[in-house]
Amino acid sequence: MTKKILIADDEPNIVISLEYLMKREGFEVLVARDGAEALQMIEADPPDLVLLDAMMPKKTGFEVLQAIRPTHPGLKIIMLTAKGRDTDLEKGRALGADDYVIKPFSTRELVERVRQLLDQSGAETET
Amino acid sequence: MTLPVAVVIAVSFAYLGVLFAIAWYGDRRARQGRSIISSPWVYALSIAVYCTAWTYFGSVGRASVEGVWFLPIYLGPMLAMILAWVVIRKMVRIAKTYRITSVADFIASRYGKSPLIAGLVTLITVVGIVPYIALQLKAISAGFGLLTGPSDPTLTETPLHWWQDSTLYMALALAGFIILFGTRHLDMTERHEGMVAAIAFESIVKLVAFLAVGIFVTYGMFNGLGDLFGRAMNDPAMQQLLRFDHGATPHLYSQWFALILLAMLSVLFLPRQFQVMVVENVDERHLKRAAWVFPLYLFLINLFVLPIAIAGLIHFGPGQANPDLFVLSLPLAEGARWLALFVFIGGLSAATGMVIVESIAVSTMICNDLVMPALLKTRRFRGRSGGDLTRLLKSIRRLAIVGLLLLGYLYFYLAGEAYALVSIGLISFAAVAQFAPAALGGMYWKGATGAGVLAGLLVGFGLWIWTLMLPSIAKSGWMATDFLEHGPFGLSLLKPEQLLGLSGLDPITHSLFWSLFGNIAAFVAVSLYTRASAREASQALLFVDVFDRRGGSEPVFWQGQARVDDLVNLSERLLGRDAARRLFQEHARDIGVASIDAIPADARLVQRVETRLAGAIGSASARVMVASAVDEEPLEIDDVMRILEEASQLRAYSQALEDKSRSLERATEELKTANQQLKSLDRLKDDFMSSVTHELRTPLTSIRALTEMMRDDPDMPAAQRQEFLTIIVTESERLSRLVGQVLDLARIEAGHAEWHNSDVDLYAIVKQAMASISSRFEEKGAALELCGDSRLAPLRADADRLVQVMLNLLSNALKVIPAGSGQVVVDLQENSDGVTVTVSDNGPGISKAEQAEVFDKFRQVGDRDQHREGTGLGLPISRQIIEHFGGRMWVESEPGQGATFGFQLPRNQQPVTGKPA
């Protein structure tokens, strides 16, 4: 069964890149253009993994994370940030992000991390 | 209807027991350092010792004969408290600073610590106050008689022999009580906390008792105030009581004025008032509360005076009962025996309160200012050795208390019946008023001299005796009254009550006028004609300028040689060992030496010992004692001036020091502010760097991801590859723009930007910018218009920079307007100040909150899609450019109605930053 990935970012060109990358790897891709939309889409139809940009209009990635983490403990979340501040990393981890990727990222590495997380969750559900 | 003697006596003694218990508790708490009187309420209530039996019984008596004339005696103190509290504050400050313990001490200390003046003031006080004490005895004895007596409610009955008179034994009992009350302690201090607590309590008791009888009479016996006053108005005789011109003499208003003035001065200078208000004051700030509580108290206690007087007259009929005792006889007549007993206790309270404070205050004066100076003349008490004197001092005070009460009894026995309560009180008031010129003059006039005071007091007191005291004795039948009617030796000009032919005034007003007139005239005249001695001059400075002194810089007017041992000995003799020890320990601590042995025997020590001794034996006696224990050099006026000069230098130094520390404080404050500014600047810089990082990484992210995907996927369709390459180019352009603008902004902010100034035509610049962007407007189907002035005077500015600003505003507008129906209007207006350019769009507008941030760096407003090419630095840069030319830039917008960005360039610009190229 194909895994579903939600890309939440407000930069159209980054969305284009990520969408192409994830589709090429064989995932089903959903796109949200801001935090509020991302939250709505997760609540309506939870994906397997979210690529969550930290800085988005309406709701920041941190706010989205904070809102969904308690209700969706098994959902895999990778935070994306262009700020690269240590405080942001800590904040993301404290709020329960599974991984953290700093922009600009290596596409190979990102794909690898995504697979790793999804394999984990697959293993978890199988046992 | 009467009460058994035993009950009345038992209740009276029980009440005194309660007072004693309160005093004992108050003293105990004071020794533990947890004062119970350190409250403005207690202070204000203790001042109400002003209301004696005279108020309690006599006011009704006076009101029943003379109507509203009982009032001035209470209006005076009310006015004094409200109007003259700053005067009282100065008295308090002086008394505290120099440990002054009585009104005699106050006056004597001011005039060079003169024993002569202290003695004279004390003598006048004793003579003047004895009738007042007699009045209290008279009131208690009359009340007691009425409460227990079989039938005769008047007090004209005199026992055949003095030893049969219960009043004598009452006086002795009171004396014993006061001795227990006020002179228990071995250590001699000028303050009596327990006494003050008890006095505050008795003030409450007498007020409650008086209000109780007032309410009982007004609402129990009659139907309220309206009923009483209504009946009074219907009776022609009583109607007179409610008129202010009742008993009118030709000098009606002078009489009102005289009585009010008399009462004002009394509330300041009666020994007991000085004691509670000045000596016993714990905190100067309490005065502010007392300034309205005490007048309020007087108002309350006088509220029912007229109603009770009218009720008494209606109930008993005029002349049928002693009006001084209406407060007792009315409840008794109604059978309210226990109320009558309570009212009697209230009266007892008023009387004992007065007698306690008055006799403690006056006995201190007698001891310090009459007996001590006499003793000091004998060899035994002078010099540098000798036994402990504290026991002797205490015995003198105790004897003085007994003596005072016996004198009071004697006066009561001899003259008591001839006068109503109020008249006796006024005689005392007039005597005490003689202190006013000396005391008030001394506080505010440095030129007042001791000789002037002696002259004034002698003249005033003499006139008081002649015009008031002797007539009162004569009218009591103890002297022939010839001199009253015809003058001495037939000299009618010297008639005591019509001196120099001044007639038409009542005796009190007449006496007050002449005695105060003579007193002031002699005081001022002699003061002007005599020269103050050095000691007088120095004391005058200390008194008049008391508020100028600050700790440590006080001038010390003493010179000579002293030995610490001698001073220790002297202190031990007069204060007792423990108190003396504490005094020297405190001094050692204050001057910063380790032990008593290390104290230098300098002027400051002598001064301190003398001030402390003044608290125990009065300043005049303390002066004599200290002078006998040390070798002093006489103080000349030159010395006073020199010492004063040194003190003022010291004060100047300390002032300079204070200024210095203040300016240091200011510098610290400034540094703190600067540091905070730096910190917030640092934070701003961090935020800026973080934003720049974000803005640089975002396009790099797309570029890297897309190129990596193209590298990893050689089989990517050509169309896809083409699309990605286009994005890469766009994002690269965005990067270059961003780098360029960041550098630009950094240069402008740091003042390193290059400015190519010339005379520019703003109209041409606007046209140029519009021309270069018009194709993009056409693409979006939007209209771009220009209106306003086209002929503008040239401005000095950088043309390229202004084009940059215009392009920024226009491209921002272009981003927000709707496709197809967009409309942007550029307007140019010239006025005397300069040129204003506005760019208005019909986009969605900007909310108020966002308007505040629109010029912040990287703060992009609105939908992210609208400013794909924006960097978030265009507006901040534009504003920096406009401000560089001395102009300003702003935004106006209502959400939903478009936005207008505008800037104004002044004609006479002064570049804010940067250097002209």
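The bend at a residue is the angle between two fitted axes, one through the seven residues that end there and the other through the seven that start there. With that in mind, and remembering throughout that this is a predicted model, begin the tour in chain B.

**Helix α31 of chain B.** Select residues 762-779 of chain B, which form helix α31, and centre the view on Ile773(B), where α31(B) has a kink of about 45°. Then pick the C-alpha atoms at the two ends of the helix, which are 26 Å apart; this agrees with the 26 Å that its 18 residues should span, because each residue is counted at 1.5 Å.

Next, colour Leu762(B), Ile765(B), Val766(B), Ala769(B) and Phe777(B), which are the buried residues of α31(B). To see what covers these buried residues, show the elements of chain B that include strands β3 (757-760), β4 (783-788) and β5 (795-798), helix α32 (799-816), and strands β6 (823-830) and β7 (834-841). Moving on past the end of the helix, stop at Gly781(B), which follows α31(B) and has a positive phi, near 65°.

**Chain B as a whole.** Zoom out to the full chain, whose secondary structure comes to 34 helices and nine strands. Of the 917 residues in chain B, 45% are buried. If you display contacts between residues of chain B at least 6 apart in sequence, 82% of them join residues at least 24 apart.

**The sheet of chain A.** Now turn to chain A and select its five strands, which form an open, parallel sheet in the order β2-β1-β3-β4-β5. At the edges you will find β2 (28-32) and β5 (99-102) of chain A, each of which pairs on one side only. Looking along the sheet, neighbouring strands are turned by 20° against each other on average, with direction ignored.

For a closer look at one pair, select β4 (residues 76-81) of chain A, which runs parallel to β5(A) and is joined to β5(A) by four bridges. Within this pair, Ile78(A) has Asp99(A) of β5(A) as its bridge partner.

**Helix α1 of chain A and the interface.** Add helix α1 of chain A, which lies across β1 (4-8), β2 and β3 (49-53) of chain A and runs at about 165° to β2(A). Finally, bring both chains into view and select the interface, where 19 residues of chain A are in contact with 16 residues of chain B. Which helix of chain A gives the most to the side that touches chain B? Helix α1 (residues 12-24) does, with six residues. Coloured by class, that side of chain A shows nine nonpolar, five polar and five charged residues.

Methods: Residues numbered from 1 in each chain as written. Chains lettered and ligands numbered in written order. Predicted model: local features only at pLDDT ≥ 70, side-chain atom pairs only at ≥ 80, totals over all residues. Contact = placed C-beta atoms within 7 Å. Nonpolar A, V, L, I, M, F, W, Y, C, P; charged D, E, K, R; others polar. Expected span 1.5 Å × (residues − 1). Buried ≥ 20, exposed ≤ 12 C-beta atoms within 10 Å, placed from the backbone. Pairing = 2+ DSSP bridges. Axes fitted to C-alpha atoms, helices over the stretch in contact; angles between N-to-C directions.
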